Amino acid sequence: MTKSFISASISTQVLRLKPGGNTASFEVSVTNESEQFATFQVELLAAGTDGNLGSRWYNLSPGISAKKPPGDSTKFYVTITDTPVPGFVGKMNITVRIFSLELREEERQLLRLAVEQGIGSIPMQLELPVREFKTHPTDLIEIPVRVYNPSQSPANVVLHFLGVERSWLIEGTDRKLLVPAGTKTETIFLCQLPSAGLAPSGTYPFTIECQQVNGPPSSIQGAVIVSPGGFMDFLCTPALHQIPESRNWRLLKNWKSNAATYKIQFDNASNLTQQVSVEVHPEEPRAFKLEVIPESSQVAPGETTELLLVANKKRRRWLGILPQRFLFEVKAVVSDDRLDVRNDTQIVKLRVLPVVPIWMQLVGGFLLLFLLWWLSWLNPKNPFWGHKEAVTSVQFNGVGEQVVSGSNDQTTIRWGSAGFFNPLINQQLGVIGRNEKGVRTVRYKPVDNDLMAAGLENGEIKLWDVLGNGRNPISSFSYQKDDRVLALEFSKDSRYLFSGHGSGLVLVWDVERTNISTPNNQPLRGKKFDFVVNSLALVGKAGKNLMIGGRYNQLVVWNLEKDKWGRVSYPRKGSQEDYIVSLDSAEYNPNLLVTADNQGYITLWNMQQCLADKGLCEVLDEWSDGHGGKPVRSVALSANGCYLASGGDDGKVMLWYLTAEGKRDPQFSKGKKIDQSLKESEKINSVDIKQTGKYILVASGSDDTEVKLDRVERQRNAQCGNQE
């Protein structure tokens with residue numbers, strides 16, 4: 001028989017325990033029967049022990065003995081503080097395991113434990129499977145929490161979610177649960193992050209507190225980490241300035257003025273607070289003294305800040321007929337290089353007039369030029385007189401300083417929306433349509449705004465260089481002759497162009513691979529629908545879904561990535577006389593969609609759930625009293641989704657104020673009329689909207705052949721978009 005190296009005994013064979021009351025203690029004596037030094041340890045084992053408790057149901061002293069020589073003994077003191085099996089009442093066996101790692105041997109003793117009904121309540125144990133949730137603005141995250149009841153009785157508990165904005169928790173901050181004794185129950189808090197401007201980047205710690213009836217509370221901590229998102233818009237205006245700024249030559253102070261002031265605007269559409277400044281590189285550094293006021297500024301998410309660039313000409317010519325011309329490169333500088341700055345480098349121009357005007361020569365020259373200009377009305381291509389027939393489409397460029405328009409008179413015209421005159425006509429691009437067909441729709445290329453696409457009655461699509469002379473198109477393509485192009489939409493990266501046609505076709509064109517010498521008559525792909533396609537709009541965070549609206553009140557979403565499409569349930573089924581005539585989405589809130597139909601309804605949608613295949617598309621708001629029940633021909637959302645412009649057959653242009661959730665602001669539920677055609681029968685065919693600084697710009701085109709620009713100051717008490 002092999003000799004045992006461990007000799008152990010326990011002080012008792014039976015113990016009684018009342019959880020929440022008295023504890024149960026005993027001693028373990030251990031003798032080293034080997035011929036070497038050794039350490040000893042003690043461990044208690046019980047069948048059905050809760051893994052959450054581990055060894056926390058008893059205390060042991062010492063945890064491990066010092067090394068004992070042969071024949072020496074040590075004592076361990078054991079206190080059982082809680083039942084090893086939650087909720088258990090009765091008798092159970094406890095195994096006392098005595099072992100030595102050096103001797104590689106163990107001995108076991110059996111102990112009988114009688115567990116009585118406990119007194120008092122035991123705190124619930126909370127568990128977060130994930131402690132940190134990394135996310136981005138507009139994301140929906142699920143925060144699971146597990147509640148473990150270690151007591152002998154079921155418990156009614158209430159979980160409170162604390163630490164983040166209450167509006168982020170879309171199903172509320174409280175959860176009521178019944179947790180059986182000795183079991184776990186799990187629940188989920190849904191956290192919907194707002195847009196970048198309302199969710200600054202950073203760590204948002206939260207606490208989940210557990211309250212139970214007649215029992216002690218417990219809690220657990222976690223954090224929502226919002227990653228950087230969004231971008232910074234940068235704009236330096238005016239693009240062309242002059243010294244002196246005023247043309248009133250009667251004022252001597254204007255003659256001697258040597259300074260021109262440019263306004264520099266940073267619009268923070270991200271969730272990062274930024275320290276912003278500019279670097280200015282003049283074409284002739286020695287000719288100017290430059291000053292930026294203030295040198296830098298801090299701009300919080302969703303806010304706009306302005307700097308002033310003052311260019312002082314050191315020496316100004318006294319005489320001269322032609323002005324001097326100078327260029328300045330203005331570059332945006334931000335404190336965090338993770339942030340994308342749009343149009344971060346801009347070139348502005350400065351004209352410096354002589355101190356003493358040759359006014360007699362100038363007046364004579366201006367009179368001659370004016371006479372020639374006045375006589376030029378005989379030339380139908382002259383942009384001064386604008387369009388000769390109904391204006392069918394208008395759109396701002398990306399920074400809102402220009403508007404392009406298309407008309408049934410087969411022309412497109414580029415207009416300026418900034419300058420001494422409002423609007424200021426810059427240039428007519430020329431007659432479009434070799435077959436004498438009208439222009440149905442125009443769209444700027446979104447990334448650089450250097451190209452414009454025009455869709456024609458004869459099925460052609462033409463691309464124009466809006467920065468050049470505009471006399472000839474740089475590209476032209478078509479697929480099916482005389483298939484009217486009723487809608488155009490560029491992809492977010494400007495590489496692809498989507499076209500909607502009267503035949504029901506929706507086609508995808510590769511803009512980069514075609515030019516005027518090699519016409520592209522083969523689209524990359526397309527789909528044929530059973531209704532006339534009137535309008536297109538990209539929706540969703542990644543811009544991978546194309547909304548298609550048209551005849552019979554049909555509304556379709558085409559997932560471009562998966563090449564799958566499905567119909568969206570429209571609130572009103574339509575006959576062959578019913579059309580969805582206009583769609584638009586918000587650039588910074590791409591799940592917000594607006595539709596307009598010829599029954600006079602404007603509808604706002606939240607597309608998030610249906611784009612993720614988690615439910616139906618949600619109608620946020622709908623009304624038909626904005627245009628007296630007459631057809632609404634065009635709608636447009638501002639980039640941040642806070643403002644909506646609409647135009648209809650009643651000849652009105654309306655502005656609507658929206659909430660951050662995408663509904664009408666209750667304070668301005670009737671909207672604001674900002675323009676009216678001279679005749680109510682002359683309908684508004686197209687509108688576009690742009691927010692710049694403290695103003696909202698709305699462009700419109702109508703049957704009365706006019707392109708109009710209205711400027712409205714933002715309402716300070718509006719719920720959305722009222723930051724200065």
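C610 counts as buried because its relative accessibility is 15% (buried means under 20% relative accessible area, exposed over 50%, and partly exposed in between, with a 1.4 Å probe and protein chains only). This cysteine is a good place to begin, and from here we will visit the disulfides, an open sheet, one glutamine and a repeat annotation. This is a predicted model, in which local features need pLDDT of at least 70, side-chain atom pairs count only at pLDDT 80 or more, and totals for chains, interfaces and linings use all residues. Residues are numbered from 1 along each chain as its sequence is written, and side-chain values use heavy atoms, with hydrogens and water left out.

**Disulfides and cysteines**

- A disulfide is a covalent bond between the sulfur atoms of two cysteines.
- The structure holds 2 disulfides, where a disulfide is taken as a pair of cysteine sulfur atoms within 2.5 Å.
- C610 is bonded to C617, with 2.2 Å between their sulfur atoms.
- The link of C610 and C617 is right-handed, with 100° about the S-S bond.
- Like its partner, C617 is buried, at a relative accessible area of 17%.
- The other disulfide joins C642 to C720, and the distance from S to S is 1.8 Å.
- The link of C642 and C720 is left-handed, with -45° about the S-S bond.
- C642 sits in the loop between β47 (632-637) and β48 (643-648), while C720 sits in the segment after β53 (707-713), so this pair ties together parts that are 78 residues apart in sequence.
- Both C642 and C720 are buried.
- If you number the bonded cysteines of the protein chain in sequence order, the pairing reads 1-2, 3-4.
- Two further cysteines to look up are C210, buried at 1% relative accessibility, and C236, buried with a relative accessible area of 3%.

**An open sheet**

- Strands of a sheet pair through backbone hydrogen bonds, either parallel or antiparallel.
- Here, 5 strands form an open sheet with mixed pairing, in the order β18-β26-β24-β20-β22.
- At the edges are β18 (240-243) and β22 (297-299), each of which pairs on one side only.
- From one strand to the next, the twist averages 35° (axes are lines fitted to C-alpha atoms, for helices over the stretch in contact, and angles run from 0 to 180 degrees between N-to-C directions).
- Strands β24 (residues 324-334) and β26 (residues 345-352) pair in the antiparallel sense over 8 bridges; two strands pair if DSSP finds at least two bridges between them.
- Strands (E, at least two residues) and helices (H or I, at least four) are DSSP runs, numbered from the N terminus.
- Opposite E329 stands I347 in β26.

**A look at Q346**

- Q346 belongs to strand β26.
- With 13% relative accessibility, Q346 counts as buried.
- Outside its neighbours within four places in sequence, Q346 is in contact (heavy atoms within 4.5 Å) with F234, L235, C236, F328, E329 and V330.
- Q346 and F328 are 18 residues apart in sequence, and their C-alpha atoms are 8.3 Å apart in space.
- A polar atom of the Q346 side chain lies 3.2 Å from the backbone oxygen of N343.

**The repeat annotation**

- An unreviewed UniProt entry lists residues 384-415, 478-519 and 632-656 for "repeat: WD"; UniProt positions are given in the numbering used here, feature names are shortened, and annotations may be inferred rather than shown by experiment.
- Over residues 632-656, the chain is 68% strand and 0% helix, with the end C-alpha atoms 14 Å apart.

How values were computed. Polar contact = N/O pair within 3.5 Å; in protein donor to acceptor, adjacent residues only side chain to side chain.
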